[in-house]
Amino acid sequence: MSFEMPAAAARPRKDKPLRPMIETHTEHTHADPKVEWEKQRDTVRAIEQLGLQRYAENLPDIQSAFELDDHCLRCIDEGTPGGIHLAGSGILMDEVKAIEASKAAKVDGVYSHAGCGAAAMFAKQKGLDMTNPDEYGRQWAKQLAERLGVPYKGHIEKSDMKRPADFHNARVAYYDGTGSFDPSRVADLPPGFVISRRHTDAANAQSEADVAVSIATGDHGFGTLITDKEPFYLMVVGDPEDPNFSANKLQAEVDAIASNSNGRVKVLGFTRPRAMKKAA
Ligand SMILES: [Zn+2]
């Protein structure tokens with residue numbers, strides 16, 4: 001099955017090429033990347049000093065990062081936390097694979113969102129009109145929901161996203177082997193993309209990690225603030241009970257991304273801490 005180009009977006013336009021989404025009517029506008037970067041600096045330093053495993057284990061509320069409110073599919077974007085994640089809700093995948101992954105993850109609804117980098121990549125890869133690539137994301141999400149027989153949950157607008165409207169404040173991407181990780185529930189975890197590795201094969205998850213890195217290091221992300229001294233972190237989240245999704249195994253899957261990054265991407269890993277037993 002092929003992706004159907006929405007008629008409205010396919011119309012030829014003479015507008016300028018797509019610019020970073022600049023809005024005029026929200027207070028989210030003009031967030032300063034440097035200020036956002038500084039806000040996260042102490043957290044990142046603490047992780048670097050303690051190591052991610054110890055850092056995570058020391059967070060009193062870490063278990064709540066492994067609870068999901070729903071099983072709806074949304075983007076890997078740090079602004080769309082919770083639930084199940086595929087880049088652009090799967091827009092960059094073969095549709096059959098996206099359906100398989102969604103079924104395996106028991107997806108019960110599909111979202112699209114504003115300012116979707118994956119939808120923009122899709123449009124670029126296909127040579128489509130770039131005036132409003134979000135429209136491709138919306139159409140894809142609707143179509144996937146229909147194929148799955150679950151509701152299309154809507155288009156998450158910028159004002160409802162959990163990041164500044166005009167740029168990505170993710171300093172990290174979580175490569176999640178547990179399938180239930182939501183870092184936004186724990187204030188001391190840095191905001192990050194979430195790649196649901198648990199629900200998609202290694203090749204696809206790796207390419208989604210690449211997408212996250214290219215967004216974060218590009219014009220819509222922290223960009224040149226990310227250096228070999230202050231890198232972007234791919235943080236793998238291992239399942240303590242399933243060797244197929246152990247932190248070591250996941251780390252090996254993304255190591256190549258780091259080695260091809262001139263030091264701007266580093267891999268850290270942790271295993272989901274086991275819940276503490278209550279004292280008798
Ligand atoms: Zn997106």
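**View 1. Surroundings of Phe-193 in the predicted model.** Leaving aside residues up to four places away in sequence, Phe-193 touches Ile-76, Asp-77, Glu-78, His-168, Ala-170, Val-172, Ala-173, Tyr-174, Ala-212, Ile-215, Ala-216 and Phe-232. Phe-193 is also, together with Val-110 and Leu-234, among the residues with the most contacts inside the largest nonpolar core.

**View 2. The nonpolar cores.** The largest nonpolar core has 54 residues, and the element that gives the most to this core is helix 7, spanning residues 202–216, which supplies seven residues. A second core, separate from the one just described, has 19 residues, including Tyr-55, Ala-65, Phe-181 and Val-194. In soluble globular proteins, nonpolar side chains tend to be buried together.

**View 3. The zinc site.** The zinc ion has as its protein donors the SG atom of Cys-75, the NE2 atom of His-113 and the SG atom of Cys-116, which lie 2.0 to 2.3 Å from the ion. Along the chain these donors follow the spacing C-x37-H-x2-C, and of them both His-113 and Cys-116 are buried.

**View 4. Helix 6 and the residue that follows.** Helix 6, formed by residues 134–148, has 15 residues and reaches 21 Å from its first C-alpha to its last, close to the 21 Å expected at 1.5 Å a residue. The buried residues of helix 6 include Asp-134, Glu-135, Tyr-136 and Gly-137 towards the start of the listing, and Trp-140, Ala-141, Gln-143, Leu-144, Ala-145 and Leu-148 further along. Helix 6 is followed by Gly-149, whose phi is positive, near 70°.

Terms used: Residues numbered from 1 in each chain as written. Predicted model: local features only at pLDDT ≥ 70, side-chain atom pairs only at ≥ 80, totals over all residues. Heavy atoms only, no water. Donors = N, O, S within 2.8 Å, 3.2 Å for Na, K, Ca; no water. Buried < 20%, exposed > 50% of the residue type's maximum accessible area, 1.4 Å probe, protein only. Core = buried A, V, L, I, M, F, W, Y, C linked by side-chain atoms within 4.5 Å. Helix = DSSP H or I, 4+ residues; strand = E, 2+ residues; numbered from the N terminus. Contact = heavy atoms within 4.5 Å. Expected span 1.5 Å × (residues − 1).
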